[in-house]
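Q: I'd like to take a close look at one part of this model. Could you walk me through it in a connected way?

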2 protein chains.
Amino acid sequence: MQDALIRKLESFEELTDADREALRAFVPRLRQVPARTDLIREGDVPGNVHLILDGYACRYKVLPDGQRQIMAYFVPGDFCDLNVFILDQMDHNIGTISQCQVVEIPRQAIDHMTGHHPLVTRALWWCALVDEAVLREWLVNIGSRSPDQRIAHLFCELLLRLEVVGRVQDNSYPFPFTQIDLADSMGLSGVHVSRTLRELRRLELITLHHRVLTILDVERLKAYCGFNPNYLHLRNARWSGRRQVPWLSSVQGG
Amino acid sequence: MQDALIRKLESFEELTDADREALRAFVPRLRQVPARTDLIREGDVPGNVHLILDGYACRYKVLPDGQRQIMAYFVPGDFCDLNVFILDQMDHNIGTISQCQVVEIPRQAIDHMTGHHPLVTRALWWCALVDEAVLREWLVNIGSRSPDQRIAHLFCELLLRLEVVGRVQDNSYPFPFTQIDLADSMGLSGVHVSRTLRELRRLELITLHHRVLTILDVERLKAYCGFNPNYLHLRNARWSGRRQVPWLSSVQGG
DNA sequence: CGACTTATTGATGCACTTCAAGCGACGTGG
DNA sequence: CCACGTCGCTTGAAGTGCATCAATAAGTCG
């Protein structure tokens, strides 16, 4: 079940058997978390690192007026808070969307990993930077795209991210988000999300039944929202430019 | 003139004389860059790290339809691309707003720094994480706040960030942004930014003359937009919770 | 099956965009 | 020195996209 993480990391970096073994050592800490449950809250002092092995979660803030803003979705293989522990306290919440399998990794374990598994370390860095790139793209999404493009863009992004961890079949993937979740992610009202989805269905770009999203025509959906996958820094686009990473070589004692 | 960086880092971490000396070694690479000039473009392979010593810059993307989205502002003491070099290619642009003094730091220099100056390294980490936290808050800003609150929030944020590097006097700071810059940051039209600023002036919250912004009543402005500075992780709020940072201790060979 | 949550649809209103014209500041060149 | 062009800002008028309110319908879970 730690497949998701290993698959994701290996999509960036070929790991050794020892690396994979070390990653599997995380598993004993596995926890079932119900849907709609907070993993960490604003104000908490960051403790263990959380890794999603199965299910969906999100990062969000709640404003004084009760308005919720979702800032990121986590899918299997994603770390929720890989780096936050350097800061004094959480400035946002992390909560599950669906039921999740979550691994709580003690910081020392990460520490050990970065000390002994340079390939994994490099891959973890890559994860963190891609997460930030995704965040930037969300800002572009909300700031510059029309509501229908926003939602289409999210669908495309999730498709690619879930493909990496093997959660897509026939352009379909589990979709446990409510329309209110989408609304709070995209800066829209729930009503308008409903109408927007209707439009995407009418254009025969997607279907959405029983919490499963199907993308009927991936290329048309990408074209519809001007999707450019470069910000995900996936393997294919990246492979040619492989280079040494100085900050990391020093981690390896170089 | 490298004051800005050292001040910023020291607001987090007391440095040794040797640390400061090492930071000053960056200066020879200083460059004058005119206003409205790109430092890096989308598609470029990340090379040197850019540090702003004076002036303002921004991170932005341009969509196929020509729409520009600004995703971050850089002020003196900010790194533009501290970590991006791990990725294969830039997925966005970085350009100056005003004339800037920019230092181009070779990656080896950063590498050397992280190998020999653990305090600096920890402070650099902190910078990177705060930058990400700021990005998250921008998402909240665009997604959940009204236009007047958005702009007020930006003013509050810049006030605090500039105070750290000593660029604020009597609640005033240089403000070289055009209203179009603001519009492209906040997901608004230029016209509406103009009207919003008029409103903030009418409420006697700010004045804006000759590219200098003055906040007339900081507390009222903060209240107006519900400003919570926790996401900036400034020293005062952070001081109590100082802890060791595992990932970094391994960088130090621990 | 019945209770509750989530989604849909319609009607209404307004916040924001777009278009367009005028204005002031600034810089350049005659 | 003034004429002129450019750029950034302001203001008005008109249109619309999205929010809000409200009521119904469809899922979903006990």
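Which phosphate oxygen contact does B:Ser194 make, and how far is its polar side-chain atom from DNA strand D?

A: Happy to look at this with you, keeping in mind that the model is predicted. The polar side-chain atom of B:Ser194 sits 3.0 Å from a phosphate oxygen of DNA strand D. B:Arg201 places a polar side-chain atom 3.0 Å from a phosphate oxygen of that strand. B:Arg195 reaches a base instead: an N or O atom of its side chain is 3.2 Å from a base nitrogen of DNA strand D.

Now for the surroundings of these residues. DNA strand D has 16 residues around it, and B:Ser194 is listed among the closest, together with A:Pro147, A:Ser189, A:His192 and B:Gln179. Of the strand's atoms that come within 4 Å of the protein, 72% belong to sugar and phosphate. By character, the surface near the strand consists of 7 polar, 5 charged and 4 nonpolar residues.

Both chains take part here. Helix 7 (190-202) of chain A and helix 7 (190-202) of chain B each give at least two residues to the surface near DNA strand D. The largest share is that of helix 7 of chain B, with 5 residues.

Since both chains line the strand, let's turn to how they meet each other. Chain A brings 56 residues to the contact and chain B brings 55. About 5500 Å² is buried between the two chains, with carbon and sulfur atoms giving 64% of that area. The interface also holds 4 salt bridges. One of them joins A:Lys61 to B:Glu137, where the closest N and O atoms are 2.4 Å apart. Residue pairs in polar contact between chain A and chain B, with both partners at pLDDT 80 or more, number 14.

On the side of chain A that touches chain B, the elements giving two or more residues include strand 4 (57-62), strand 5 (68-74), helix 3 (107-116) and helix 4 (118-144). Helix 4 of chain A provides the largest share, 16 residues. This side divides into 27 nonpolar, 15 polar and 14 charged residues.

A word on confidence to finish. Chain A has an average pLDDT of 90, and 92% of the residues score at least 70. Residues 237-254 of chain A are a stretch to read with care, as pLDDT stays under 50 there, although the model has 49 contacts for them beyond four places in sequence. Helix 10 (246-251) of chain A is also among the elements that give two or more residues to the side touching chain B.

Conventions:
Residues are numbered from 1 along each chain as its sequence is written. Chains are lettered from A and ligands numbered from 1 in the order in which they are written. Side-chain values use heavy atoms; hydrogens and water are left out. A residue is near a molecule or strand if one of its heavy atoms lies within 4 Å of it. A polar contact is a pair of N or O atoms within 3.5 Å; within protein, one must be able to donate a hydrogen and the other to accept it, and residues adjacent in sequence count only if both atoms are side-chain atoms. Helices (H or I, at least four residues) and strands (E, at least two) are DSSP runs, numbered from the N terminus. Ala, Val, Leu, Ile, Met, Phe, Trp, Tyr, Cys and Pro count as nonpolar, Asp, Glu, Lys and Arg as charged, and the others, Gly among them, as polar. pLDDT is the predictor's confidence in each residue, from 0 to 100. Contact means heavy atoms within 4.5 Å. Buried area is the accessible area (1.4 Å probe) that two parts lose on being put together, summed over both. A salt bridge is a side-chain nitrogen of Lys or Arg within 4 Å of a carboxyl oxygen of Asp or Glu.
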